[in-house]
Amino acid sequence: MRDFWDQASCGEAYAQGGTLRERLEAQAAMRYRLEPYIAGFARFPEGAGRDVLEVGVGMGADHLEWARAQPRRLAGVDYSARAVEFTRARLELYGLAPQVLVGDAENLPFAEGSFDLVYSWGVLHHSPDTARAVAEVRRVLRPGGRARVMIYHAPSVVGYLLWTRYGLLSGRPGRSLADIYAHHLESPGTQAFTVEQARALFGEFSRITTRVELSCGDLLEGAAGQRHAGPLLAAARKLWPRAMIRRTLRGHGLFLLIEAVK
């Protein structure tokens with residue numbers, strides 16, 4: 001998993017431009033255009049004066065928004081050294097001093113009850129033991145603290161697309177969606193969860209709310225599916241019924257957004 005993300009951080013395909021700052025700003029702009037619900041879910045301004053942890057900083061776009069909210073303390077961890085380097089560089093470009101570490105979501109390097117808010121977007125489903133990672137999120141939260149976490153959802157349009165290519169069209173229609181996700185969606189072993197499974201993962205929290213969102217992968221927008229490039233994907237991009245999917249398949253999005261209170 002680390003080798004996969006050290007080759008290219010999530011969203012690095014959008015980092016276009018001359019200077020490092022231009023590349024990072026281009027990546028952030030595309031991120032928030034393709035995933036406009038991030039800001040409303042994260043609610044970055046609520047970090048003001050609080051102790052905030054981001055698990056899985058990626059290229060640091062969200063981490064910069066947390067820093068701009070002026071938290072009392074802001075920390076971040078990522079399993080990928082490449083991601084940590086990008087995030088440190090991004091914050092330093094804006095005159096900010098990052099506390100970002102290479103770390104394991106299943107063994108967070110913080111004491112119990114260290115944070116008021118833990119945020120993680122699209123990360124914990126890559127952990128071999130997602131339940132343990134969720135337990136770690138809860139451990140480092142203070143009583144009444146909030147976790148805002150996005151994990152991958154099943155079933156999803158992305159899952160159906162990948163099953164069509166690597167199951168049906170490969171002569172293996174019996175392959176499960178779980179097997180498809182593990183082998184063909186991002187890093188090896190990637191998982192996805194139903195709403196019921198997610199509620200069980202966060203079952204030790206006192207209150208849980210969930211919602212499902214369509215991703216750019218479900219809509220074949222942006223650079224989604226680049227590792228599966230070929231004539232089939234090119235044709236699908238041109239013919240994809242995005243308006244119909246938005247109207248009728250909202251509950252089959254890849255993104256499962258969870259807010260949980262300790």
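The buried residues of helix H6 are covered by elements that include strand S1 (51-55), strand S4, strand S5 and helix H9 (195-201). The model discussed here is predicted.

**Helix H6**

Six positions of H6 are named as buried: Thr130, Ala133, Val134, Glu136, Val137 and Val140. They lie on the same side of H6, because the arc that they cover around the axis is only 155 degrees. An α-helix has 3.6 residues a turn, so residues three or four places apart point the same way. Glutamate 136, a residue of helix H6 (residues 130-140), is part of this buried set. Its relative accessible area is 12%, and glutamate 136 is therefore buried, the cut-off being under 20%. Leaving aside residues up to four places away in sequence, glutamate 136 touches Ala105, Glu106, Asn107 and Leu108.

**Helix H2 and its crossing with H5**

Helix H2 has 15 residues, which at 1.5 Å a residue should span 21 Å; the C-alpha atoms at its ends are 21 Å apart, so expectation and model agree. Buried in H2 are Leu24, Gln27, Ala28, Arg31 and Leu34. These residues occupy an arc of only 140 degrees around the axis, which means that they share the same side of H2. The exposed residues Ala29 and Arg33 are carried by the face turned away from that buried side. Against the buried residues of H2 pack helix H3 (38-42), helix H4 (61-68), helix H5, strand S4 (115-121) and helix H10 (216-219).

The pairing with H5 can be described further. The axes of helix H2 (residues 20-34) and helix H5 (residues 81-93) come within 11 Å of each other and cross at roughly 105 degrees. H2 is therefore roughly perpendicular to H5, since angles of 65 to 115 degrees count as such. On the H2 side, the contact involves Leu20, Arg21, Leu24, Glu25, Gln27 and Ala28, and on the H5 side Phe86, Ala89, Arg90 and Leu93. Sorted by class, this contact has 6 nonpolar, 1 polar and 3 charged residues. Leu24, Gln27 and Ala28 belong both to the buried residues of H2 and to its contact with H5.

**Helix H4 and the residue that follows**

Helix H4, one of the elements against which the buried residues of H2 pack, is itself largely enclosed by the rest of the structure, because 6 of its 8 residues are buried. These are Ala61, Asp62, His63, Leu64, Trp66 and Ala67. Glutamine 70, with a positive phi near 60 degrees, follows H4. Glutamine 70 is located in the loop between H4 and strand S2 (73-78). Its relative accessibility is 65%, so glutamine 70 counts as exposed.

**Loop residues**

A second residue other than glycine with a positive phi is leucine 220, where the value is near 50 degrees. Leucine 220 is in the loop between H10 and helix H11 (231-239). With a relative accessibility of 5%, leucine 220 counts as buried, because the value falls under 20%.

The loop between strand S5 (141-152) and helix H7 (157-168) contains proline 155. The peptide bond leading from alanine 154 to proline 155 is cis, its omega being near 0 degrees. Serine 156 has its place in the loop between S5 and H7 as well. Serine 156 counts as buried because its relative accessibility is 0%. Apart from residues up to four places away in sequence, serine 156 touches Tyr181, Asp218, His252, Gly253 and Leu254.

The accessibility values of the three loop residues are set out below.

| Residue | Loop | Relative accessibility |
|---|---|---|
| Glutamine 70 | between H4 and S2 | 65%, exposed |
| Leucine 220 | between H10 and H11 | 5%, buried |
| Serine 156 | between S5 and H7 | 0%, buried |

**Arginine 246 and separations in space**

Arginine 246 is a residue of helix H12 (residues 242-248). Arginine 246 has a relative accessible area of 37% and is therefore partly exposed. Its contacts, not counting residues up to four places away in sequence, are Leu214, Leu219 and Glu221. From arginine 246 to leucine 96 the separation is 150 residues in sequence and 39 Å in space, C-alpha to C-alpha. For serine 156 and glycine 60, the corresponding values are 96 residues in sequence and 27 Å in space, C-alpha to C-alpha.

Conventions
Residues numbered from 1 in each chain as written. Predicted model: local features only at pLDDT ≥ 70, side-chain atom pairs only at ≥ 80, totals over all residues. Heavy atoms only, no water. Axes fitted to C-alpha atoms, helices over the stretch in contact; angles between N-to-C directions. Helix = DSSP H or I, 4+ residues; strand = E, 2+ residues; numbered from the N terminus. Parallel < 35°, antiparallel > 145°, perpendicular 65-115°, else oblique. Contact = heavy atoms within 4.5 Å. Nonpolar A, V, L, I, M, F, W, Y, C, P; charged D, E, K, R; others polar. Expected span 1.5 Å × (residues − 1). Buried < 20%, exposed > 50% of the residue type's maximum accessible area, 1.4 Å probe, protein only. Arc of directions from axis to C-beta.
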